[in-house]
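Visitor: I'd like to talk through the ligand sites here. Could you put the model up so that we can both look?
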Amino acid sequence: MGDFSDLLESHGVTRREFLKYCSALGAALALPLSMTAKIAEAIESDTRPPVIWLEFQDCAGDSESLLRANRPTVGDLVLDHISLDYHETIMAAAGHQAEASQQATVEKYKGKYICIVEGSIPTEAGGVYCTIGGRTAVDILKQVGGNAALIIAVGNCAAYGGLPAAHPNPTGAKGVSEILPGKTIINLPGCPMNVDNLTATVVHYLTFGAAPACDRHLRPLFAYGKRIHDNCERRAHFDAGQYVENWGDYGHRQGWCLYKMGCKGPETFHNCPTLRWNEGLSWPVMAGHGCVGCSEPLFFDAMMPMYRRLPNVPGFGVEASAVKIGTAIVGASAAIFAAHGAVTTARNWKKIGKAKAEAREEISHLNSDSDSEES
Amino acid sequence: MAQKIVVDPITRIEGHLRIEAQIENGKIVDAWSSSTMFRGVERILQNRDPRDAWYYTQRFCGVCTTVHSIASIRAVENALGIKIPFNAEMIRNIIMGIQNVQDHVIHFYHLHALDWVDVVSALNADPAKTAALQQSISDWKFSSADYFAGIQKRVAAFVGTGKLGPFTNGYWGHPAMKLPPEANLMAVAHYLEALQLQKEIIKIHAILGSKNPHPQTFLVGGMAIPIDPNSQNALNADKIAQIKGYIAMAKEFVEQVYIPDILAVAPFYLDWAGIGCGHKNYLSYGEFPDDNRGYPEGFWLPAGVIVNGDLSKVMPVDHKKVTEYVTHSWYEYSGGDGVGKHPWEGETNWKYTGPQPPYEFLDTDNKYSWVKSPRYDDKPMEVGPLSRMLVAYASGHKEVKQTVDFVLSQLGAGPAVLFSTLGRTAARAVETLITINKMGQWLDKLVANIKTGDYSIHNGKLWEPETWPAQANGYGFHEAPRGALGHWIVIENKNIKNYQAVVPTTWNAGPRDPSGTRGQYEEALIGTPIADPERPLEILRTMHSFDPCLACAVH
Amino acid sequence: MAETLNSSETGGGRKFECAARRFLYIWEGPIRIIHWVNFFCIIILSFTGWYIHDPFITSTQHPYIMGNMRYVHYLTGVVFAVSFLARSYWLLNGEYYASWRMFPNPFDKKDRHTFWTFIRYYTFLSKDAPHILGHNPVAVVAYIGLYALFAFQILSGFALWSQADPGGSLYAATGWLFAIIGNQWVRWFHLLVMFLIGGFFINHLYSVVLFDFKSKSGEVSSIFSGWKPDRRD
Ligand code: HEM
Ligand code: HEM
Ligand code: NFV
Ligand code: SF4
Ligand code: SF4
Ligand code: F3S
Ligand SMILES: [Mg+2]
């Protein structure tokens with residue numbers, strides 16, 4: 001505490017000013033005046049957990065998503081809730097200075113900091129497809145992630161490989177859990193992740209001191225526990241058989257179901273319909289485009305093509321769908337048996353007369369004693 | 001006294017950029033620009049449905065999150081000969097416009113500002129004087145002494161925790177920092193305000209395209225947001241009013257904060273008008289189809305090429321003159337690495353030949369980057385807001401000329417100062433201003449067209465792949481926040497046969513070509529003074545003036 | 001006739017002599033019921049399943065049509081699953097013709113020989129249709145394959161259904177499937193298997209009629225009545 005006051009004073013802030021700031025903060029949060037001391041205490045004890053945010057094979061979409069945070073905003077998050085010690089897109093220092101502050105946190109807070117990972121990790125050719133400061137992503141992740149208390153993989157790339165892992169996965173890209181099996185990892189897939197799910201996860205961790213309950217793909221249930229399709233505002237149109245058939249048609253303008261336009265809501269677990277994006281303003285289906293399934297483990301490949309509901313078998317071109325393959329199988333078996341029938345008939349043409357005679361005989365035989373047959 | 005330094009990672013940019021620089025007598029005498037991350041999306045795109053390409057390419061980058069979608073759908077539309085409805089054209093303009101504005105605001109305040117602003121020095125400012133400074137430069141609403149005192153206290157409390165988070169190890173107190181404490185405090189306040197603003201104004205993307213980053217609304221042939229003034233599930237008067245509100249909010253900030261800040265800060269850093277000039281070749285593809293003819297006709301900002309800084313001549317753009325070299329990039333070409341390939345014949349055959357990690361230096365004599373080297377007519381080109389503004393300025397574009405001349409007169413300088421680090425930063429601000437002022441017009445045009453009863457947003461005639469020819473080639477251009485962007489596609493049997501993107505940051509960040517000619521970043525760094533090789537703030541300034549995006553550049 | 005059974009091979013099957021010629025009661029009642037229940041289930045599941053795949057009726061004059069289709073699909077799916085379980089019971093405890101005991105034994109030389117005799121017959125390498133009571137061994141193999149497809153349809157169908165409540169016990173029981181192939185591919189195979197069953201249907205109809213005709217063993221009527229003529233002469 002003494003250290004803290006000294007620090008403040010060395011920056012020209014008196015104890016009185018500090019308490020005044022705390023009460024102003026309390027007022028802003030609509031808290032009673034008696035809370036001032038508590039706020040001061042909170043700031044003085046400063047329990048903000050250090051956070052290291054790593055970017056590997058990413059597009060920075062999840063970092064951008066972070067900037068859209070609203071509860072708390074990214075400004076409040078960084079100033080009041082966490083100590084964001086390393087984030088390449090935001091941090092002031094570069095090069096050696098940046099690396100130094102990362103390593104300082106790893107050493108000083110070993111086993112206590114949170115590691116957030118954005119982007120996949122290339123594993124082929126010794127990991128040369130992503131290096132930072134001359135070190136490979138694999139190397140950095142093993143060191144920084146390996147010593148963290150908790151890892152949060154943000155975005156589908158970090159969770160499951162995402163875009164870089166799409167066929168033919170040129171760089172052997174993988175998600176964090178494949179590099180660090182056994183670590184406590186929370187996946188927040190999405191492309192990008194919805195920042196409200198990240199802030200909620202952090203708040204959950206800070207509030208309850210533990211990671212939230214997750215599904216088998218390590219996704220928190222509070223955000224990925226239900227299917228898009230089961231919360232979708234267009235579900236009534238799905239069940240009623242009201243579908244968008246063409247972009248801009250009557251059904252599209254009336255908010256009918258996008259199932260026939262390839263919507264992947266029926267196979268996607270994510271809270272888009274209830275949480276929505278950009279402070280609850282909208283989400284893909286609401287704005288007229290189907291869901292693409294960006295929070296699922298096999299995104300991209302299994303969720304494409306985008307405007308067909310089911311995937312195509314890779315390697316056969318765009319239209320190797322289940323229907324095409326299935327029709328071919330049915331057609332082929334019909335053709336084979338038709339051919340078989342034709343050959344059989346031809347080969348046995350001679351026997352047909354005999355068969356007829358036999359049949360006649362059989363009928364007369366049966367007629368002569370009808371009560372032995374019943375059906 | 002020669003010394004080779006490495007800055008890796010270059011932070012406050014998108015992606016993985018590494019600069020190696022040779023320093024002699026406190027100045028950079030040679031430089032190498034490298035990106036150290038590769039994903040191979042051009043390869044991943046092969047054999048996929050061309051209508052899906054926009055969704056993949058959008059994920060080249062989450063910062064300029066719309067631009068690769070636009071270039072991609074335009075490339076497919078070009079290949080198939082699809083004209084999109086006027087409504088879709090205006091919606092695209094609005095989406096592109098606010099992308100540029102928001103991206104530029106983030107760039108200036110959150111990526112670039114800490115190169116010029118000393119956060120710690122703000123603690124020594126007098127809030128009353130800061131208020132006076134603020135009031136002298138504009139009518140901005142947050143300008144009271146109390147307000148700045150509050151900001152200062154908040155920063156003080158933060159600094160007081162001893163845990164500076166992202167501000168740890170910043171270049172505080174660096175000799176190249178010149179702003180007085182009051183200006184620093186004002187800038188810190190604007191840093192926080194801009195953080196709030198950017199997430200508001202980009203909500204236009206959410207209204208028109210469901211979310212940001214990565215709006216989900218693009219379609220080959222149009223847009224996926226339906227229009228119907230009499231439906232609650234379509235673009236209607238309510239949503240148009242919301243968009244209007246955000247445009248107004250952005251305009252207020254740009255006019256009262258961003259532009260005044262540039263004008264207030266620039267005089268302290270006028271030496272940077274003489275540093276950071278590159279090859280002085282500038283390329284713009286032209287953008288914002290502004291009338292009924294639709295893309296690629298009737299651009300609001302003109303296309304053109306300027307060579308050697310000669311503003312008296314603007315040459316037309318021919319996409320066939322674009323080639324890419326891989327002489328110094330970690331790829332192989334089937335015809336040998338000494339030739340340049342037009343993107344339709346382009347190849348992405350990755351092959352790493354650099355040092356095995358962990359490494360200290362790259363092998364800069366050979367291949368040293370994942371970025372290819374694009375050339376136009378075999379010349380290196382700079383792209384970006386500066387190129388756009390110069391091409392428009394030299395073409396006599398009215399708004400651009402007025403605004404640029406106004407800024408130059410405020411700084412008391414001629415157009416030559418634009419060929420610099422400061423020029424890039426100023427041009428970006430100018431562009432933000434004229435773009436936000438233009439956006440209302442596109443919204444008006446959209447509304448006027450809806451009023452005629454035209455609700456169409458998509459041309460579906462060639463939607464089904466069955467309607468396509470067996471083979472088709474196309475290209476799509478777009479002026480992204482960071483500059484001239486081109487996607488080239490070869491469609492065969494309804495599939496993507498080849499896909500090549502030549503991206504703004506590919507132009508700017510590329511390594512040397514076979515003749516040894518440097519890329520833009522490399523050239524721009526030559527002559528840059530370095531006060532302290534351990535704290536290479538000056539390198540960051542020039543790099544940030546380009547607004548690098550390496551995920552874009554390599555893809 | 002190429003192949004006949006001696007009386008010991010008719011196993012536990014009850015033999016009923018018919019006056020004119022010997023008929024055997026091969027298909028017990030439950031087997032016949034299950035056969036036709038399955039038949040109708042598959043027709044209904046395929047029709048409603050195809051609608052779910054591609055809702056071709058989209059008029060507002062049929063309110064709740066997708067809801068109804070899905071309801072019928074799920075309900076039929078439950079009937080189908082029960083029928084599947086019943087058949088499994090008979091497989092374990094039924095009499096000879098219905099049970100696993102009549103599966104050809106791949107380690108038995110004679111069984112292998114019989115199997116190849118049928119393959120040769122089907123591929124025109126030998127001329128005469130062999131006669132066999134119960135299923136011929138090639139058909140048995142096909143039925144085993146078919147029941148594997150049924151099992152997959154039922155498992156994948158219930159798994160897809162369970163996704164509406166991932167906290168529930170149905171998901172706990174079937175959700176592991178998604179960990180193996182992912183939910184898009186579960187649906188993909190659920191759709192593909194519909195076609196495979198269709199392929200079997202064509203094959204099956206043809207074979208039944210072929211054998212009825214060629215070996216004169218009353219195949220078609222047997223699945224209604226249960227009786228088959230003992231054709232060894
Ligand atoms: C012969 C057996 C069956 C056939 C041919 C069949 C066929 C189909 C088909 C074609 C689809 C549409 C797939 C798509 O395009 O996404 C489907 C969906 C489905 N089937 Fe089946 N099915 C069968 C058995 C079952 C069973 C036993 C169940 C279990 C109750 C079941 C439950 C489902 C469910 C839950 C769906 C997804 C429906 C939705 O999305 O709302 N199916 N089925
Ligand atoms: C989707 C439709 C059908 C399926 C899946 C199917 C399936 C089966 C199965 C699994 C068996 C073996 C019986 C058992 O051991 O449980 C069987 C036997 C039989 N089915 Fe079908 N069946 C279908 C339609 C039909 C139809 C339409 C007919 C009549 C024309 C038919 C006639 C027979 C006959 C005659 C047998 C006895 C064959 C023998 O002796 O090996 N089936 N069927
Ligand atoms: N370079 C670049 Fe982009 C932009 N602007 C793309 O085209 O940033 Ni990510
Ligand atoms: S998950 Fe999506 S948004 Fe995030 S880095 Fe990957 S491509 Fe970008
Ligand atoms: S729009 Fe998509 S998620 Fe919504 S009901 Fe239709 S299919 Fe389901
Ligand atoms: S595509 Fe992603 S953003 Fe939501 S609606 Fe679908 S999960
Ligand atoms: Mg390229």
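Guide: A term to settle beforehand: Ala, Val, Leu, Ile, Met, Phe, Trp, Tyr, Cys and Pro count as nonpolar, Asp, Glu, Lys and Arg as charged, and the others, Gly among them, as polar. Please also keep in mind that this is a predicted model.

Visitor: With those classes, how do the residues of the shell around ligand 1 divide?
Guide: The shell around ligand 1 holds 12 nonpolar residues, eight polar ones and three charged ones.

Visitor: And which of the residues around ligand 1 come nearest?
Guide: Of the 23 residues there, the nearest are C:His53, C:Arg70, C:His73, C:Arg187 and C:His190.

Visitor: Why is the site of ligand 1 shared between chains?
Guide: It is shared because the residues that surround ligand 1 come from chains A and C. On the chain C side, helix H1 (29-53), helix H2 (65-93), helix H4 (137-162) and helix H6 (176-214) each contribute at least two residues to the shell.

Visitor: What does the side chain of C:His53 do there?
Guide: An N or O atom in the side chain of C:His53 is 2.6 Å from an oxygen atom of ligand 1. For C:His73, a polar side-chain atom lies 2.7 Å from a nitrogen atom of the ligand, and an N or O atom in the side chain of C:His190 is 2.8 Å from a nitrogen atom of ligand 1.

Visitor: Switching over, where does ligand 6 lie?
Guide: Ligand 6 lies between chains A and B, and 13 residues surround it, with A:His270, A:Cys272, A:Cys291, A:Val292 and A:Cys294 the closest. Its shell divides into eight nonpolar residues, four polar and one charged.

Technical notes:
Residues numbered from 1 in each chain as written. Chains lettered and ligands numbered in written order. Predicted model: local features only at pLDDT ≥ 70, side-chain atom pairs only at ≥ 80, totals over all residues. Heavy atoms only, no water. Near = heavy atom within 4 Å. Polar contact = N/O pair within 3.5 Å; in protein donor to acceptor, adjacent residues only side chain to side chain. Helix = DSSP H or I, 4+ residues; strand = E, 2+ residues; numbered from the N terminus.
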